[in-house]
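Me: I'm new to this one. Please walk me through it, starting with whatever term I'll need most.

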Amino acid sequence: MKSLIRTFMKRHTLAALVLLVSVTAATAQDPRIQMAHLDHLAAKANETVDVSVDERLIKLAAKVFNDKDVDEAAIKKLVMGLKGIYVKSFEFDADNIFSNADVDTIRTQLKAPSWSRLVNVTSKREGTVEVYVSLVGEDINGLTVLSIEPRELTVVNIVGPVDLEKLAQLEGNLGIPELGIRGNKKKNDDEK
Amino acid sequence: MKHKATRVFLLFVIVVAVATSVFGKDDDFNSVVKLIEQYYNVKHQGIPFLARAGMKVVGAAAKVKGGQMKRLAELGSVKVAMFENQEFAGDFLKFRATLNNNLKDIWMPLVQTISTEEDEQSYIFVKEKGDKFNVLIVNLSPREGPVVQATLSSKNLALLLKDPEGTGRAISEEATIFDN
């Protein structure tokens, strides 16, 4: 009887472990990051902008953007395949209103192996701009930009196949702020 | 007898269908206005009053990104409720959460802006309506607070998606322009 119970327990423990590992793996690969931890900053900020373009809206966008309009056709091509665009931006009237702990609620989600930080990225913005990409094999399935200025904090999270070039083209559209982000590919090439 | 029962059943189905279409889809505008009234303890001015004041509900031209004058809302599709000289004192984060929670099943949030400096809140939601699209815009500021629902063509939805804040403002202005 005891051995029967042991076998039963072993099988169920194993099943639970397999389930846990699959759930963890699935969660780790989801490039949608949680930004709700930052919501409390809205009470301290001068201005808060919250953009949420989910997959349903992206499908709508793909449907309504006109192929004959050069701009719209370009955006349509860029958003095809994306699953979401999420932006949170806070502007403050004094320095250091938000803390490192606030920024870390985002950074902790952008850890390896799922996420890699891109180096050699420049931005027209003052302060620090960190760009992270989520990779599945060699394919990018998400991108996050963290722009930290003394009086401004912006997080842009794009879910789906996107790179810096695409991001640069999407800036100013669909609520994505003008970040002026450019990858210094030329510099890298020169260094070789 | 059998025919009568069938007719009664059909009538019942039609009544339910009509009621669902009226209260299930298009009544979100009224429920949002009521939500604002209850949350902030304010009262809106209805369209008849505003119409008397010389308000053009539709037909006004608005300036949108690109500098062209365009008509954005489909003719006859605009619903407006205006809150004037009212105080929207309360936790705006809680209000935002309540608003989103009420609309989340049918409407898709696009852009939400809160300005504590200007004491303003702005919300834009979108949903499909057949081959057209509905947009619901809530702008609350200390002086005035228009709530606007309008139907957009796919061309104008594209404008809204490209420039949510600019086009949203233009739709709201278009719906609330006075003659004076």
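Reply: Buried means under 20% relative accessible area, exposed means over 50%, and partly exposed is in between (1.4 Å probe, protein chains only). By that rule A:Phe92 is buried, at 5% relative accessibility.

Me: Okay. What kind of model is this?

Reply: A predicted one, where local features need pLDDT of at least 70, side-chain atom pairs need 80 or more, and totals for chains, interfaces and linings use all residues. Residues count from 1 along each chain as written, chains are lettered from A and ligands numbered from 1 in written order, and side-chain values use heavy atoms, without hydrogens or water.

Me: How many helices and strands does chain A have?

Reply: Six helices and eight strands. These are DSSP runs, numbered from the N terminus: helices are H or I with at least four residues, strands E with at least two.

Me: In what order do they come?

Reply: Chain A starts with a helix and then a strand. The full run is α-β-α-α-β-α-β-β-β-β-β-α-β-α.

Me: How much of chain A is buried?

Reply: 43% of its 192 residues.

Me: And what share of its contacts is long-range, say 24 or more positions apart?

Reply: 63%, taking the contacts in chain A with a separation of 6 or more. A contact is heavy atoms within 4.5 Å.

Me: Switching topic. Which residues have the most contacts inside the largest nonpolar core?

Reply: That core has 54 residues. From chain A, the ones with the most contacts inside it are A:Ile85, A:Val145 and A:Ile181. From chain B, they are B:Leu110, B:Leu160, B:Leu161 and B:Ile171. A core here is a set of buried Ala, Val, Leu, Ile, Met, Phe, Trp, Tyr and Cys residues joined through side-chain atoms within 4.5 Å.

Me: What is B:Ile171 in contact with?

Reply: Skip its neighbours within four places in sequence, and the partners are B:Leu72, B:Val135, B:Ile137, B:Val148, B:Ala150, B:Leu152 and B:Leu160. Apart from this core lies another, of 42 residues. A:Tyr86, B:Phe83, B:Phe95 and B:Leu103 are among them.

Me: Now aromatics. How many pairs are there over all chains?

Reply: Eight. Rings of Phe, Tyr and Trp (its six-membered ring) pair if their centres lie within 6.5 Å; planes under 30 degrees apart are stacked, over 60 edge-to-face, the rest tilted.

Me: How are A:Phe90 and A:Phe92 arranged?

Reply: They are stacked, 6.4 Å centre to centre with 20° between the planes. A:Phe90 is buried, with a relative accessible area of 0%.

Me: What about B:Tyr40 and B:Phe88?

Reply: Edge-to-face: 5.4 Å between centres, 85° between planes. This pair links distant parts of the chain, 48 residues apart. B:Tyr40 sits in helix α2 (residues 28–40) of chain B, and B:Phe88 in the loop between β4 (79–84) and α4 (92–103).

Me: Are those two buried or exposed?

Reply: B:Tyr40 is buried at 5% relative accessible area, and B:Phe88 is buried at 13%. Both belong to one aromatic cluster with B:Tyr39, B:Phe83, B:Phe95 and B:Tyr123.

Me: Back to chain A. Where is A:Ile97?

Reply: In the loop between β2 (84–91) and α4 (100–107) of chain A. A:Ile97 is partly exposed, at 28% relative accessibility. Beyond residues up to four places away in sequence, it touches A:Lys44 and A:Phe92. Its C-alpha atom is 22 Å from that of A:Asn157, 60 residues apart along the chain.

Me: Last one. How many residues does each chain put into the contact between B and A?

Reply: Chain B gives 27 residues and chain A gives 28.
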